[in-house]
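Open the model in your viewer and keep the selection tool at hand. This tour goes stop by stop: what to select, then what is there.

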Amino acid sequence: MGNLVQAELRKTTTTGLWWGLLIPTAVLALGWGLATGLLGQFFVDFAASGDVDEVSDFLGVTPDQWKVSLFGMARAINISTIFPMIFGAMAISGELSRRTITTTFLTAPSRVHALLAKMLVYVLWGAIYGLVIMLFLGIGVVATSDSGQLPDAGGWVMLTLVCVLSSILMTMFGVGVGALIPNVAGAIVLLLLYFLVIENVLHGVLAYLEVPAVIGFLPNGSINGLTGSVSVDLFLSSAGVVPTEIEDVLRAIAGAAGAQDWWLSGIVFLGWAGVVFAGGWAVTQSKDIT
Amino acid sequence: MHDGSGLIAVQNLTKQFGPVAAVQNLSFTVSPGSVTGFLGPNGAGKTTTLRMLLGLVKPTAGTATINGRPFHQLGQPGRVVGAVLEAQGFHPARSARNHLRVYASAIGVPDAQADQVIGLVGLSSAADRKVGGFSLGMKQRLALATALLGDPQVLVLDEPANGLDPEGIAWLRTFLQSYARMGRTVLISSHLLAEVEQTVDQVVIISRGQTMFYGPLEQLRQSQQKRVLVQPSDHNALATALRAAGVQAIEQLPDGRLAVSGVDSRQVADTALQAGVSIYGIQEEQVDLERLFFQLTSGQYAGHAPAPNPYQQQQGGWA
Ligand SMILES: Nc1ncnc2c1ncn2[C@@H]1O[C@H](COP(=O)(O)OP(=O)(O)OP(=O)(O)O)[C@@H](O)[C@H]1O
Ligand SMILES: [Mg+2]
């Protein structure tokens, strides 16, 4: 198994795809970070200057201590992890369409071995992408935010953890979809459509039907919940007593409307990734490679 | 894991792709120490058979084993069997050396082995170039290098001469023969008997997914018949005399000659002399292997000669 893992790792490092996707990922994370700080600053200035006292009373702290950067960071992670997901999606679909899968299967004890080795290597890549996202996001946010809006040390650690976790899970989900749909363009288009359009429409419909809790169990809803719930929790931990209605609004701002607790969200999404990978594995296992 | 015999055994192998019967009830064995040719026209089912042997295609029925085991039970298959398959993929952006290193680690052999096989197939000078820029023959050489990475006991090659230059073909020929002489097993497919005639010891000839001939090439050579083509003064008299002498295979050719099988020209001439028939011309004809191959495989997708006038064309298309 160690041999196969090394082979899969070499496959990823001997072509330029890993950095070709990592660069836009870093740029996107940095851009979101900068925008988060600027928007947060604007919002806090507005709140402090006006008659938004009611909100400030609810939250129990003055606006300049609101850790608004947390919301932007949650959203930034959700968007940026699309890239590692695409990277994962090309793992198996790329080998199938380039027919390199023939040699891969000829040199592995079994197809299960080959797929598991691949999954392990992409988990590692998911973690690397996650760390890079957090690094550039952090640089962007710190450069444009007042210290009052930034999380404390524990908050940074927690955010880094969920960012890496989220990136790993998204990569795994991508690997599964790429095994299920043996066509690179098809797999990527489907993933983008689903994560950027289809599920957002679905969220709107579910909210309209007044069953927002369902959202937290959908793929995008649960992965957003992983980061969104952590950022809302961190925000609230530094605020006073907050009424439920306001909390719901905050969740929506963090992109985690209807989401479960962060750890439950993570488990739900892991379940989705597992289902998709099992499907892709079943398809690949019985496929005739001609 | 496996018995190490180097034996390839294909038994009652069948593959159905939807309505297409690609391989039907195919059986043969390939022993170590010899090069076996796997021959058949386009679409005969060669590639499908080899892919079933290598665990890439699931048989509809029957078994294909290497060392007495199906492919997925070989344990470390890269060290047991090396394969060159048609339309085998390479990542266009990966260099030849990196390609080999990827699979060297999968098989579990040191990187030095990658450099060694790349030298063996004559690609050293192109080792660090991206495979996307390789010619067909260079890709074929790289595929062969990949097959040799694990120093396997069994080599399975699907049309390996495809795209090779004459020098490459000559090299491949001697290489495969010496590989077999070391007691290893070599199975090589082709749709041209002439292409492998000088390389192989055994042949398996298939057509439409079925075995047509299976045995030593020497036996195929011996089974080929000689014919005597003779131009007599009296066809009937000679035919009657030959029949009286126990020769039955007599055929009237369109050009007016008689074709007599199973005898030599001397016997025909002697018989004619006794019967008082003059001979204006006599010729011995050797049916060559290639024609025998044609007869055995009579092309399922044989093309038709182009019709001189398209409006007079009869049933065109595929046979
Ligand atoms: N994936 C597939 N789906 C459907 N039919 C297939 C598939 N692969 C092969 N076939 C069919 O199976 C038959 C045998 O094909 P195969 O490729 O094994 O022939 P071959 O002997 O290798 O021919 P060639 O000399 O042209 O390489 C053909 O009729 C082909 O169309
Ligand atoms: Mg073929």
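The stops below start at the chain interface and then move into chain A. One caution before starting: this is a predicted model.

**Stop 1: the interface**

Colour chain A and chain B separately. Select the residues in contact: 34 of chain B meet 25 of chain A. About 2,500 Å² is buried between the two chains, and carbon and sulfur atoms give 56% of that area. Polar contacts link 13 residue pairs here, counting pairs with both residues at pLDDT 80 or more. On the side of chain B that touches chain A, strand E1 (8-17), helix H2 (77-80) and helix H3 (96-107) each supply at least two residues. Show H3(B) next: with 7 residues, H3(B) gives the most to that side.

**Stop 2: two salt bridges between the chains**

Which charged pairs cross the interface? The rule finds 2 salt bridges between chain B and chain A.

Select Asp111(B) and Arg10(A). Their closest N and O atoms are 2.8 Å apart, in a salt bridge. This pair runs from helix H4 (residues 111-120) of chain B to helix H1 of chain A. Asp111(B) is partly exposed at 26% relative accessibility, whereas Arg10(A) is buried at 18%.

Now select Lys15(B) and Asp288(A). Their side chains form a salt bridge at 2.7 Å, N to O. Lys15(B) sits in strand E1 of chain B, and Asp288(A) in the segment after helix H12 (262-286) of chain A. Lys15(B) is buried, with 6% relative accessibility. Asp288(A) is partly exposed at 24%.

**Stop 3: a charged network in chain A**

Over all chains, the structure has 15 salt bridges. Select Lys118(A) and Glu8(A), which pair at 2.8 Å, N to O. Lys118(A) is in helix H7 and Glu8(A) in helix H1 (residues 2-13), so the bridge ties together parts 110 residues apart in sequence. Are these two residues buried or exposed? Lys118(A) is buried, at 3% relative accessible area. Glu8(A) is buried too, at 4%. Add Lys11(A) and Glu95(A) to the selection: with Glu8(A) and Lys118(A), they are linked in a network of salt bridges.

**Stop 4: Ala114(A) and Ser145(A)**

Move to Ala114(A), in helix H7 (residues 111-144) of chain A. Ala114(A) is buried, with a relative accessible area of 4%. Beyond its sequence neighbours up to four places away, it touches Leu4(A), Glu8(A), Thr104(A), Phe105(A) and Ala108(A). Try a distance to Ala7(A): the C-alpha atoms are 9.7 Å apart, with the two positions 107 residues apart along the chain.

Next, select Ser145(A), in the loop between H7 and helix H8 (153-180) of chain A. Ser145(A) is buried at 12%. Setting aside neighbours within four places in sequence, its contacts are Gly37(A), Gln41(A), Ser69(A) and Leu150(A).

**Stop 5: two bent helices**

Select H5(A), residues 82-98. Its 17 residues reach 23 Å from first C-alpha to last, close to the expected 24 Å. Look for a kink of about 35° centred on Ala91(A). Of the 17 residues, 13 are buried, so H5(A) is largely enclosed by the rest of the structure. Just after the helix, Arg99(A) takes a positive phi of about 65°.

Finish at H10(A), residues 219-237. Its end C-alpha atoms are 27 Å apart, in agreement with the 27 Å expected for 19 residues. H10(A) bends by about 35° at Gly225(A). Here 17 of the 19 residues are buried, so H10(A) is also largely enclosed by the rest of the structure.

Note on methods. Residues are numbered from 1 along each chain as its sequence is written. Chains are lettered from A and ligands numbered from 1 in the order in which they are written. This is a predicted model: local features need pLDDT of at least 70, side-chain atom pairs count only at pLDDT 80 or more; totals for chains, interfaces and linings use all residues. Side-chain values use heavy atoms; hydrogens and water are left out. Helices (H or I, at least four residues) and strands (E, at least two) are DSSP runs, numbered from the N terminus. The expected span of a helix is 1.5 Å times one less than its number of residues. The bend at a residue is the angle between axes fitted to the seven residues ending there and the seven starting there. Buried means under 20% relative accessible area, exposed over 50%, partly exposed in between (1.4 Å probe, protein chains only). Contact means heavy atoms within 4.5 Å. Buried area is the accessible area (1.4 Å probe) that two parts lose on being put together, summed over both. A salt bridge is a side-chain nitrogen of Lys or Arg within 4 Å of a carboxyl oxygen of Asp or Glu. A polar contact is a pair of N or O atoms within 3.5 Å; within protein, one must be able to donate a hydrogen and the other to accept it, and residues adjacent in sequence count only if both atoms are side-chain atoms.
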